Amino acid sequence: MNFWNEREELRHLRERYELDKAQWRSEYWSLHAEWEAVAYHNRRLQGVLLEIVRAYQAADHNQLREAVERAVNLLNLEEEVE
């Protein structure tokens with residue numbers, strides 16, 4: 001009788017382990033996707049900020065204004081996503 005109880009308990013633990021493992025994988029890939037999206041957005045923003053610095057150094061006011069507008073648009077887009 002004790003053997004069957006232990007076997008049932010082991011089966012239950014194995015099922016629980018498989019469910020926990022599946023949930024962990026799901027959460028991992030979800031966080032990974034979020035991280036990739038944040039990294040992509042940061043690279044885009046870094047590029048725009050570099051354009052702002054270059055335009056400022058070149059004293060090109062039109063280029064500076066356009067780069068600042070792109071940065072503001074990116075930041076507004078970020079707020080919409082959150």
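Which residues of α1 are buried? Keep that in mind as you click through this model, which is a predicted one.

**Stop 1: the long run of α1.** Select residues 2-58, the 57 residues of helix α1. At 1.5 Å a residue, this helix should span 84 Å, and its end C-alpha atoms sit 83 Å apart, so the two values agree. Now step just past the end of α1 and click A59, which takes a positive phi of about 60 degrees.

**Stop 2: the buried side of things.** Back to the opening question: select A39, H41, L45, V48, I52 and A55, which are the buried residues of α1. Keep L45, V48, I52 and A55 on screen and add L64, A67, A71 and L74. Together these 8 residues make up the largest nonpolar core. The elements that give two or more residues to this core are α1 and α2, the latter covering residues 61-81.

Next, center on L74. What does L74 touch, leaving aside residues up to four places away in sequence? Show H41, R44, L45 and V48, and you have its contacts. Of these partners, L45 and V48 are also members of the core, and H41 is among the buried residues of α1.

**Stop 3: charged pairs along α1.** Time to look at salt bridges, of which the count comes to 6. Start with E18 and R14: their closest N and O atoms are 3.1 Å apart. Both lie in helix α1, 4 residues apart, or about one turn of the helix. A bit of background helps here: an α-helix has 3.6 residues a turn, so residues three or four places apart point the same way.

Is R14 buried or exposed? Color by accessibility: R14 is exposed, because its relative accessible area is 51% and the cut-off for exposed is over 50%. E18 counts as partly exposed, at 31% relative accessibility.

Stay on E18 and add K21. Their side chains meet in another salt bridge, at 3.5 Å from N to O. E18 and K21 are 3 residues apart in α1, so about one helical turn separates them. K21 is partly exposed, with 24% relative accessibility. While you're in salt-bridge mode, select E8, R11 and E15 too: salt bridges with shared partners join them into one network.

**Last stop: R16 and D20.** Select this pair and you'll find their side chains meeting in a salt bridge, 3.6 Å from N to O. They are 4 residues apart in helix α1, so the separation is about one helical turn. D20 counts as partly exposed, at 38% relative accessibility.

Conventions
Residues are numbered from 1 along each chain as its sequence is written. This is a predicted model: local features need pLDDT of at least 70, side-chain atom pairs count only at pLDDT 80 or more; totals for chains, interfaces and linings use all residues. Side-chain values use heavy atoms; hydrogens and water are left out. The expected span of a helix is 1.5 Å times one less than its number of residues. Buried means under 20% relative accessible area, exposed over 50%, partly exposed in between (1.4 Å probe, protein chains only). A nonpolar core is a set of buried Ala, Val, Leu, Ile, Met, Phe, Trp, Tyr and Cys residues joined through side-chain atoms within 4.5 Å. Contact means heavy atoms within 4.5 Å. A salt bridge is a side-chain nitrogen of Lys or Arg within 4 Å of a carboxyl oxygen of Asp or Glu.
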